[in-house]
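This report covers charged and nonpolar features of the protein surface. The sequence and structure come first.

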Amino acid sequence: MYYLAKFAVLIYFKIMYKLHFEGKENIPTDTTVIYACNHRSNADPPLLGCGARGRFAFMAKEELFRNKLFAWLIRSLGAFPVARGKGDTGVIDTAIERLGSGRSLMIFPEGTRSKDGKVGKGHTGAALIAVKADKPIIPVGICYGEKLKFRTPLTVKFGRPIDPEEYCEISDTPNPRQLVKLKNRYMADIKLLVEGEPEASDDTKEDKADE
């Protein structure tokens, strides 16, 4: 069921969009990972899932589980509910349990969809889970133009894995400042994947010319 659904979704996206994947060689094959991705549309989880290795899990707002049939479908695809804005700490334990059971985890650290396509500041949830589970983070950029339309060129870019131990001491109670540093790293990588290198200012160009 899982892999059949994944294959069907991939074919659908290949027909709908000019879909390409970049950097899949960056995904480790010997461990589950946390995919930290920018968020632009409701299509992001299945788009990311089509390029991700193996089975995966992702958080979905609890309202989506009210319809029993739809709840069964998204649960079979790896979704688990999260109560947004209610301080649902149990979701962290569920995420760690999924990682330990052989499923990689999708997280959209901006917390909401971007209206202009630019990458926001993000939150530390992915960092917290990575440190507590001791799992690498794969930054991901979903890249396309202003709107996602029929036959839009669309690229899903997978960045190099980030070892949380380089930023935080692996612990059940991580240092908040270290978590922020880790968060800043993966958000910077996501931004680079989506928006590319920032253009140099006129002053910077003049300085380089003087050199």
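## Nonpolar patch

Phenylalanine 70 is placed in helix H3, which spans residues 68-76. The model is a predicted one. With a relative accessibility of 37%, phenylalanine 70 counts as partly exposed.

Phe70 belongs to a nonpolar patch on the surface, of about 610 Å². The other residues that make this patch are Met1, Leu64, Leu69, Trp72 and Leu73. Patches take in residues with over 30% relative accessible area, and phenylalanine 70, at 37%, is partly exposed.

## Negative patch

A patch of negative charge on the surface gathers Asp134, Asp163, Glu165, Glu166 and Glu169. Within this group, aspartate 134 sits in a loop, with helix H5 (125-133) on one side and strand E6 (137-143) on the other.

The relative accessible area of aspartate 134 is 41%, so this residue is partly exposed. Residues that form a salt bridge are left out of such patches.

## Salt bridges in helix H6

Three salt bridges are counted in the model. One of them joins the side chains of arginine 185 and aspartate 189, with an N to O distance of 3.1 Å. Arginine 185 and aspartate 189 are four residues apart in helix H6 (residues 176-195), so about one helical turn separates them. The two partners fall into separate accessibility classes: arginine 185 is partly exposed at 27%, whereas aspartate 189 is buried at 18%. Buried here means under 20% relative accessible area.

Lysine 191 and glutamate 195 also meet through their side chains in a salt bridge, at 2.9 Å from N to O. This pair, too, is four residues apart in helix H6, and therefore about one helical turn lies between lysine 191 and glutamate 195. Lysine 191 has a relative accessible area of 36% and is partly exposed. Glutamate 195 is likewise partly exposed, with a value of 33%.

## Salt bridge between neighbours in sequence

Another salt bridge links the side chains of glutamate 97 and arginine 98, with N to O at 2.7 Å. Glutamate 97 is partly exposed, its relative accessibility being 42%. Arginine 98 is also partly exposed, at 23%.

## Summary of the surface features

The features described are a nonpolar patch that includes Phe70, a negative patch that includes Asp134, and three salt bridges. Among the salt-bridge residues, aspartate 189 is buried, while lysine 191 is partly exposed.

Conventions
Residues numbered from 1 in each chain as written. Predicted model: local features only at pLDDT ≥ 70, side-chain atom pairs only at ≥ 80, totals over all residues. Heavy atoms only, no water. Patch = residues over 30% accessible without salt bridge, like charges linked within 9 Å, V, L, I, M, F, W, Y side chains within 5 Å. Areas by Shrake-Rupley, 256 points an atom, 1.4 Å probe, with all protein chains shown as cover. Salt bridge = Lys/Arg side-chain N within 4 Å of Asp/Glu carboxyl O. Lys, Arg positive; Asp, Glu negative; His and termini not counted. Charge placed at Lys NZ, Arg CZ, Asp CG, Glu CD. Helix = DSSP H or I, 4+ residues; strand = E, 2+ residues; numbered from the N terminus. Buried < 20%, exposed > 50% of the residue type's maximum accessible area, 1.4 Å probe, protein only.
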